[in-house]
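Below are some comments for a colleague who has the sequence and the coordinates open. They take up the helix packing, the ligand shell and the confidence of the model in turn.

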Amino acid sequence: MAFAAGCGLSNRTSVFRQNVSSQTSISLRPAKAPRQVVSMAGHGKFFVGGNWKCNGSKVMVDTLVAELNAGTIPSDVEVVCAPPSLFLERVNNSIRHPTYAVAAQNCWTGSGGAYTGEITADMLSDMDIPWVILGHSERRQLCGETNEIVAEKAGYAISKNVRVIGCIGETLEERESGALWNILATQMEAYKSTVTDWDKMVIAYEPIWAIGTGVVATPEQAQEVHAFLRKWVSDNLGANVASKLRILYGGSVNADNCADLSGREDIDGFLVGGASLKGESFVQICNAQTAMAK
Ligand code: 13P
């Protein structure tokens, strides 16, 4: 595997300890190339998620799946596509496995019943959908999902063996006021209160000001937050969890900016919105590390 060479847990642990020592100042350390990925029990792979949000039709979904199936994805990159729930089965039945896995974009807080309009983690599991995105800022802001609701969903999904892409992120006002560190820590604290198996969790840091705006965080801004998060995880969940947890960046990632971001030590992948709707650009993003190594 091209980027797995020679980086054991202890190396990675010491690297993030160095990084987080400057958590409140922007790291100007140059991108490391090639990136070294911890290879550990199936974890540590660079991870790219495609969040299709509320987009698609039968024709559009079939076209996108055909484009993805025609793409070349490095074997050391884990790729998960999240279509709208109505298309989950269609995509799961047509997308190339195991290159790609499929995720839902939401699920209910617990088991099923009189919850009109909802789907449960039990149903995802039953339909062989291995992942779910939870806590996306659009659901927090548009659907009123609180930290507590998101955490309840995450804990339940993981208890049903559905892996979780847990999103967190701050608004521009929170960043500019300096409140972001508390906001992010509180969002992480909520996940900590319910998640019992962090091997089944990835965290997606998605600054709200970068989502769908074309204003991508600079690699320095993203790395600074990712290092902060890894230190938070180390302090609160232990160094072992911190060294294994994939922390994704999301917000205006595209084929042009992905290589630079992917070179940062604590950026373990991406959660991609708009650029995941075009097969060619999404496949390019999945190859960000390869582009970095050139
Ligand atoms: P964009 O890539 O369109 O900014 O969306 C990011 C996102 O919200 C992924 O979940």
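At what angle do helix 2 and helix 12 pack, and how far apart are their axes?

1. This is a predicted model, and in it helix 2 (residues 58-70) packs against helix 12 (residues 279-286) at an angle of about 40°, the axes lying 8 Å apart. The two helices are therefore oblique to each other, since an angle that is neither roughly parallel, roughly antiparallel nor roughly perpendicular is counted as oblique. The crossing of helix 2 past helix 12 is right-handed. On the side of helix 2 the contact draws on Leu64, Glu67 and Leu68, while helix 12 supplies Gly279, Glu280, Phe282 and Val283; sorted by class, this contact has four nonpolar, one polar and two charged residues.

2. Helix 8 (residues 180-194) takes part in two of the contacts discussed here, and the one with helix 9 (residues 219-237) has an angle of about 40° with the axes 11 Å apart. Helix 8 and helix 9 are therefore oblique to each other, and helix 8 passes helix 9 in a right-handed crossing. From helix 8 come Trp181, Leu184, Ala185, Met188 and Lys192, and these meet Val225, Phe228, Leu229, Trp232, Asn236 and Leu237 of helix 9. Nine of the residues in this contact are nonpolar, with one polar and one charged.

3. Helix 8 also meets helix 6 (residues 147-159), where the two axes come within 8 Å and cross at roughly 40°, again with a right-handed crossing. Helix 6 contributes Asn147, Glu148, Val150, Ala151, Glu152, Ala154 and Gly155, and helix 8 contributes Thr186, Gln187, Ala190, Tyr191, Ser193 and Thr194. By class, the contact between helix 6 and helix 8 holds five nonpolar, six polar and two charged residues.

4. Turning to the ligand, there are 14 residues around it, of which Asn51, Ile211, Gly250, Gly273 and Gly274 come nearest. The shell that these residues belong to divides into five nonpolar, eight polar and one charged.

5. As to confidence, the protein chain averages a pLDDT of 87, and 85% of the residues score at least 70. Over residues 1-43, however, pLDDT stays under 50, although the model has 80 contacts for this stretch beyond four places in sequence. How the placement of residues 1-43 is to be read should be stated together with that pLDDT of under 50.

Methods:
Residues are numbered from 1 along each chain as its sequence is written. This is a predicted model: local features need pLDDT of at least 70, side-chain atom pairs count only at pLDDT 80 or more; totals for chains, interfaces and linings use all residues. A residue is near a molecule or strand if its C-beta atom, placed from the backbone, lies within 6 Å of it. Ala, Val, Leu, Ile, Met, Phe, Trp, Tyr, Cys and Pro count as nonpolar, Asp, Glu, Lys and Arg as charged, and the others, Gly among them, as polar. Axes are lines fitted to C-alpha atoms, for helices over the stretch in contact, and angles run from 0 to 180 degrees between N-to-C directions. Helices (H or I, at least four residues) and strands (E, at least two) are DSSP runs, numbered from the N terminus. A crossing is left-handed if the near helix is turned anticlockwise from the far one by less than a right angle, and right-handed if clockwise. Two residues are in contact if their C-beta atoms, placed from the backbone, lie within 7 Å. Angles under 35 degrees count as roughly parallel, over 145 as roughly antiparallel, 65 to 115 as roughly perpendicular and the rest as oblique. pLDDT is the predictor's confidence in each residue, from 0 to 100.
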